[in-house]
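Trainee: Could we go through the descriptive terms used for this model, and set each one against the criterion behind it?

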Amino acid sequence: MIAEHNVCLAAVRSRDARFDGWFFTGVRTTGIYCRPSCPATPPKAANITFYPSAAAAQTAGFRACKRCRPDASPGSPEWNLRADLVARAMRLIGDGVVDRDGVQGLARRLGYSARQIEREVRAELGATPVALARAQRAQTARVLIETTTLPLSDVAHAAGFGSIRSFNDTVQAVFATAPRQLRSRAAAADAGAGGLTGAWHHVSLRLPFRTPFAVEGLFGHLVATAVPGVEEWHDGAYRRAVRLPHGFAVVALRPESDHVAARLWLQDLRDLTVAVSRCRFLVDLDADPWAIDAHLRADPVLRPLVEAQPGRRVPRTVDGAELAIRMVLGQQISTRAARTHAARLATSYGSPIQDPGGGLTHAFPEPAALADIPDEHLAMPASRRRTVRILAAALADGSLDLSPGADWGAARAALDALPGIGPWTVDGVAMRALGDPDAFIASDLGVRAALKRFGMPVAGAALQQATAAWRPWRAYAVQHLWASGSHDINRLPNQEASS
């Protein structure tokens, strides 16, 4: 869904980067499409057609601009804000479901007919799920062409193309350049490192975001809660092991001024698209900080917090099931104790990995491995041991879905029905695993302490009324409330605690 024509036109004329990813500009006289902030001279209004997605512009026959590279713009914030069918479908397409299982597989995951999904997605995005997946494959191919030394036949396979001919035709159509020419230009520009490191395929790329971008509370939270052996802060980057559809990966994310520098080590290059999608979700790179901050700044309690640190993001996860289990492990104990419990489980039940660039040792266990875990490996009260097992079983058998395409309401209800799962866990999972921007952890001790400091009610109808003005961005309000305290989540490891 795109804004009004006049709003889009004003954004293009002012080269407003805030709108990058929200819509795309097709220029009929040149046959190319651009992001709104393209540095080229803005075209005449009569020659412009606006599209809600890069795939829609490509379907209409436009080629990607070589100056602004619209295919590499930040994703639309819509898909992480909404919980309807189209938003769920877009999250699953981003997670590679259409490439792996086709539109029928997408339909099965969503519980609708393939025809209905195609109709709904086309109506809003101007392109079918297949076209959207094709655009994503093209971008993946470009990354591999420009950042690795893989043979082009391997690039085609890794990007998800069924044949070399389809790969060549798509790259030529989308970028108006043959794959070999793209590689030649990248080599001449001395593009980033990439290739084979032992048993791992190594890819380096830049993950764009909309500014401003508050780094400390985001990366500080990930590092402060990191599970030893599964996650670490190493050489200025947050690193972690990730379980993907075709194998394991190690990802390293380093915040820079205008992008997050990502280094990925993949056992199977077919997982590149999924890895990038999950990394972007993990550090909330598709958020629209201007819209969020403008809304929260209107509240007198939050205004000074927003002005002090604009662009706060929500620290999320690469695996909803892992996050849910870790939330239960962390019930009513300190962050350090929760990390210790999780590390023991990872060592005993996780999958060993050989980290090519740091000290990671395991990927977090799959839920099925924890459904029948014996008491001696869960040093906690009996009631919580039971909750861990029941939660793991529900995740393993699919009765609880926390995947990118999950129905938020159904997931909340399923979680709430499990014994030992209360509001703190439900809201925490909704915020960090499902990505609900309005999830509010009212019972969190840090949130309550902040509310008390600001003279606000801490529970009940009074709290709901006091925070109603923060909707639909209460998850971001939580980040500002947490940041008002002195917890380690508010700073990176090399920063001193504030006085």
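Trainee: Why is helix H15 (residues 320-329) said to be largely enclosed by the rest of the structure?

Mentor: Bearing in mind that this is a predicted model, the reasoning starts from the cut-off, which is that a residue is buried when its relative accessible area is under 20%. In H15, 10 of the 10 residues are buried, so the helix is described as largely enclosed by the rest of the structure. Among these buried residues are Glu322 and Arg326, alongside Leu323, Ile325 and Val328.

Trainee: Which elements do the buried residues of H15 pack against?

Mentor: They pack against two strands, S7 (231-234) and S8 (237-244), and against the helices H16 (335-349), H17 (367-370), H18 (382-397) and H20 (423-434).

Trainee: What makes Asp319 a cap for the N-terminal end of H15?

Mentor: A side-chain oxygen of Asp319 lies 3.0 Å from the backbone nitrogen of Ala321, and since a polar contact requires a pair of N or O atoms within 3.5 Å, the distance of 3.0 Å satisfies that limit.

Trainee: Why are helix H4 and helix H5 called roughly antiparallel?

Mentor: The axes of H4 (residues 85-94) and H5 (residues 97-110) come within 10 Å and cross at roughly 155°. Angles over 145 degrees count as roughly antiparallel, and H4 and H5 are therefore roughly antiparallel to each other. The crossing in which H4 passes H5 is right-handed.

Trainee: Which residues meet where H4 and H5 are in contact, and how do they divide by class?

Mentor: From H4 come Leu85, Arg88, Ala89, Leu92 and Ile93, and these meet Val97, Val98, Leu106, Arg109 and Leu110 of H5. Sorted by class, the contact has eight nonpolar, no polar and two charged residues.

Trainee: How is the crossing of H4 and H7 described?

Mentor: The axes of H4 and helix H7 (residues 129-147) come within 10 Å and cross at roughly 35°, and this crossing is right-handed. On the H4 side the contact is made by Met90, Ile93 and Gly94, and on the H7 side by Pro129, Leu132, Ala133 and Gln136. By class these residues divide into five nonpolar, two polar and no charged.

Trainee: How do you know whether Arg88 is buried or exposed?

Mentor: Arg88, which lies in helix H4, has a relative accessibility of 8%, and because the cut-off for buried is under 20%, Arg88 counts as buried. Leaving aside neighbours within four places in sequence, Arg88 is in contact with residues including Arg109 and Leu110, and also with Gly405, Ala406 and Asp407. A polar atom of the Arg88 side chain lies 2.8 Å from the backbone oxygen of Gly405.

Trainee: What makes His202 a buried residue, and which side chains does the side chain of His202 contact through polar atoms?

Mentor: His202 sits in strand S6 (residues 200-208), and with 6% relative accessibility, set against a limit of under 20%, His202 counts as buried. The His202 side chain makes a polar contact with the side chain of Ser204 at 3.4 Å, and another with the side chain of Arg263 at 3.2 Å. Both distances fall within the 3.5 Å allowed for such a contact.

Trainee: Why is Arg15 called partly exposed, whereas Asp235 is called exposed?

Mentor: Exposed means over 50% relative accessible area, and partly exposed lies between that and the 20% limit for buried. Arg15 has 36% relative accessibility and therefore counts as partly exposed, while Asp235 has a relative accessible area of 59% and is therefore exposed. Arg15 is in the loop between helix H1 (5-13) and strand S1 (24-27), and Asp235 is in the loop between S7 and S8. Although not a glycine, Arg15 has a positive phi of about 50°; Asp235, also not a glycine, has a positive phi of about 55°.

Trainee: Where are the cis peptide bonds at Pro212 and Pro472, and what omega values do they have?

Mentor: The bond joining Thr211 and Pro212 is cis with omega about 0°, and Pro212 lies in the loop between S6 and helix H11 (216-224). The bond from Arg471 to Pro472 is cis with omega near 5°, and Pro472 is in the loop between helix H22 (460-467) and helix H23 (474-483).

Technical notes:
Residues numbered from 1 in each chain as written. Predicted model: local features only at pLDDT ≥ 70, side-chain atom pairs only at ≥ 80, totals over all residues. Heavy atoms only, no water. Helix = DSSP H or I, 4+ residues; strand = E, 2+ residues; numbered from the N terminus. Buried < 20%, exposed > 50% of the residue type's maximum accessible area, 1.4 Å probe, protein only. Polar contact = N/O pair within 3.5 Å; in protein donor to acceptor, adjacent residues only side chain to side chain. Axes fitted to C-alpha atoms, helices over the stretch in contact; angles between N-to-C directions. Parallel < 35°, antiparallel > 145°, perpendicular 65-115°, else oblique. Left-handed = near helix turned anticlockwise from the far one by under 90°. Contact = heavy atoms within 4.5 Å. Nonpolar A, V, L, I, M, F, W, Y, C, P; charged D, E, K, R; others polar.
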